[in-house]
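Trainee: I have a model open and would like to learn how to read its contacts. Could you walk me through it?

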Amino acid sequence: MIYADNAATTKMSDAAVKTLTSLLADTYGNPSSLYEFGQKAKEVLEQARRDVADAIGAQPNEIIFTSGGSEADNQAILSAAKLGEIKGKKHIISTAFEHHAVLHTLNKLKKEGFEVTLLDVHENGLVSAEQVEEAIREDTCLVTIMYANNEIGTIQPIREIGEVCRKHNVTFHTDAVQAVGHIKVNVVDDNIDMLSASGHKFHGPKGVGFLYVKKGVRIFNLIEGGAQEKGRRAGTENVPGIASMATALKDAVANLDGYKAKLLPLRDKIINGISEIPHSALNGDAVSRVPSNINFCFEGIEGESLLLLLDDKGIAASSGSACTSGSLDPSHVLLAIGRVHDVAHGSLRLSIGEDITDEDADYIIKSVKEVVEYLRGFSPVWRDLVAGKKDFIL
Amino acid sequence: MALYSEKVMDHFRNPRNVGIIEDADGVGEVGNAKCGDIMKMYLKIEDDIIKDVKFETFGCGSAIASSSMATELIKGKPVSEARQLTNKAVAEALDGLPDYKMHCSVLAQEAIESALQDYESKKEQK
């Protein structure tokens with residue numbers, strides 16, 4: 001199998017598996033216990049905190065371990081909102097193509113009387129710092145904009161957006177789940193106040209992530225209970241998971257240059273190869289894009305059948321079609337960049353990993369071409385397009 | 001546990017009666033691209049018997065499989081029998097569909113109904 005769905009989840013690195021399993025077996029003490037055995041677990045936990053902080057240019061006491069990216073997003077946004085409410089500021093700025101962990105949290109806040117401005121992300125899937133600045137108001141309590149989009153991989157100008165937020169004294173959170181461990185992220189250089197990340201997106205385990213909260217930024221806990229994470233996240237720490245995530249992140253960040261050097265040419269080779277398919281279009285900016293992401297729309301076909309046939313050919317990929325989401329609407333990300341329903345249903349996301357070879361890239365291109373041509377062969381939509389009864393969109 | 005039954009995957013991978021009939025006696029198209037499913041059915045009818053049926057589908061795996069199965073269920077049958085085809089029969093013949101995919105079988109039933117309607121109205125005009 002060629003696993004090309006790394007944006008969904010990644011294979012754990014050998015080092016991360018080793019850290020996880022050895023700690024599960026041997027270091028089961030509770031970090032809150034005062035005896036030596038518990039304190040050993042505490043040491044492992046705090047070393048992981050230092051490693052995670054180092055990986056993003058933060059201080060160890062600015063890291064809160066969570067169950068993953070969604071929890072981190074919820075905690076960051078709900079905290080900023082709560083603080084905003086106390087100050088009488090109930091306006092939040094975000095974008096139309098955030099992850100649902102952000103969008104659904106914002107919808108919840110809307111029902112509680114918050115006003116949310118969702119910025120346009122344009123055809124290329126990029127928002128600008130100027131747009132953010134124009135949207136900032138006296139009562140803006142939070143700007144939350146993702147670092148890299150999970151479907152189309154576009155990298156936002158986070159540093160510039162952070163700078164604008166600093167200038168106007170507005171808290172800035174970024175969902176960096178698709179960025180951390182994939183591109184260089186530095187919370188100080190990037191002017192970030194809060195950042196969410198998830199272990200399993202960079203070859204760590206599932207069910208563990210972290211929230212960076214800049215010193216001085218107030219945070220409220222979502223989960224009431226013990227005094228773990230300095231009272232900011234109750235519950236006995238998942239020490240093996242956290243340490244395993246830290247191992248994976250340390251390795252990923254140390255290897256960022258090699259990762260980019262390996263993936264970029266293959267990503268672009270696949271993009272160029274698939275672009276040869278008539279009436280197809282790359283989704284998202286071709287340059288400001290994570291090294292792993294390839295996302296296309298094909299006119300006249302539907303994404304789920306495309307995925308099933310690719311699966312038959314041994315390629316694991318993903319789509320923004322409605323049929324893969326269980327709803328009637330295709331991906332909100334594709335709609336946000338202006339793809340109409342008709343073509344948004346025919347989308348394909350390939351998110352490659354470092355194990356990909358040049359032969360794999362050739363095979364992916366060949367397979368996608370074959371499958372698209374095959375499905376178009378009995379698509380009434382394609383027939384009408386070719387016959388000129390309908391206008392091509394792409 | 002796979003997403004679909006073996007039967008669905010078989011009809012998806014090897015759809016029966018794919019294509020068009022140039023001189024069809026009845027043609028029906030249902031669904032729309034906005035929702036992600038379009039089915040088109042072509043019928044060749046002689047002496048009130050469905051001599052041939054072909055389909056084209058833009059849609060997900062279960063939409064393609066439902067169209068394929070529906071054509072098999074009506075081919076060679078009298079028009080009166082084809083008119084009785086229900087979406088439930090299509091889904092059952094496929095060894096079931098996931099709940100959220102049942103609309104695909106509904107679409108297959110509607111596509112055949114639409115093609116039969118076209119046949120009837122053409123017949124009246126003659």
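**Reading contacts, from domains to helices**

Mentor: Happily! This is a predicted model, and we can begin inside chain A, where 22 residues of domain 1 are in contact with 20 residues of domain 2.

Trainee: What is the make-up of the side of domain 1 of chain A that touches domain 2 of chain A?

Mentor: That side divides into eleven nonpolar, seven polar and four charged residues. The assignment places domain 1 of chain A at 15-254 and domain 2 at 255-386. Taken over C-alpha atoms, the centres of these two domains of chain A are separated by 29 Å.

Trainee: Now the two chains. How many residues does the contact take from chain B and from chain A?

Mentor: Chain B gives 19 residues and chain A gives 21 residues. On the side of chain B, α1, β2 (37-46), β3 (49-58) and α2 each supply at least two residues. The largest share, three residues, comes from β3(B). By type, the side of chain B that touches chain A has nine nonpolar, five polar and five charged residues.

Trainee: And how should I read a pair of packed helices?

Mentor: Two packed helices are described by the angle between their axes and the distance between the axes. Here, the axes of α1 (residues 6-13) and α2 (residues 61-74) of chain B come within 8 Å and cross at roughly 85°. Since 65 to 115 degrees counts as roughly perpendicular, α1(B) is roughly perpendicular to α2(B).

Trainee: Which residues of α1(B) and α2(B) make the contact?

Mentor: From α1(B), they are Val8(B), His11(B) and Phe12(B). From α2(B), they are Gly61(B), Ser62(B), Ile64(B), Ala65(B), Ser68(B) and Met69(B). This contact has five nonpolar, four polar and no charged residues.

Technical notes
Residues are numbered from 1 along each chain as its sequence is written. Chains are lettered from A and ligands numbered from 1 in the order in which they are written. This is a predicted model: local features need pLDDT of at least 70, side-chain atom pairs count only at pLDDT 80 or more; totals for chains, interfaces and linings use all residues. Axes are lines fitted to C-alpha atoms, for helices over the stretch in contact, and angles run from 0 to 180 degrees between N-to-C directions. Helices (H or I, at least four residues) and strands (E, at least two) are DSSP runs, numbered from the N terminus. Angles under 35 degrees count as roughly parallel, over 145 as roughly antiparallel, 65 to 115 as roughly perpendicular and the rest as oblique. Two residues are in contact if their C-beta atoms, placed from the backbone, lie within 7 Å. Ala, Val, Leu, Ile, Met, Phe, Trp, Tyr, Cys and Pro count as nonpolar, Asp, Glu, Lys and Arg as charged, and the others, Gly among them, as polar. Domain bounds come from an automatic or database domain assignment.
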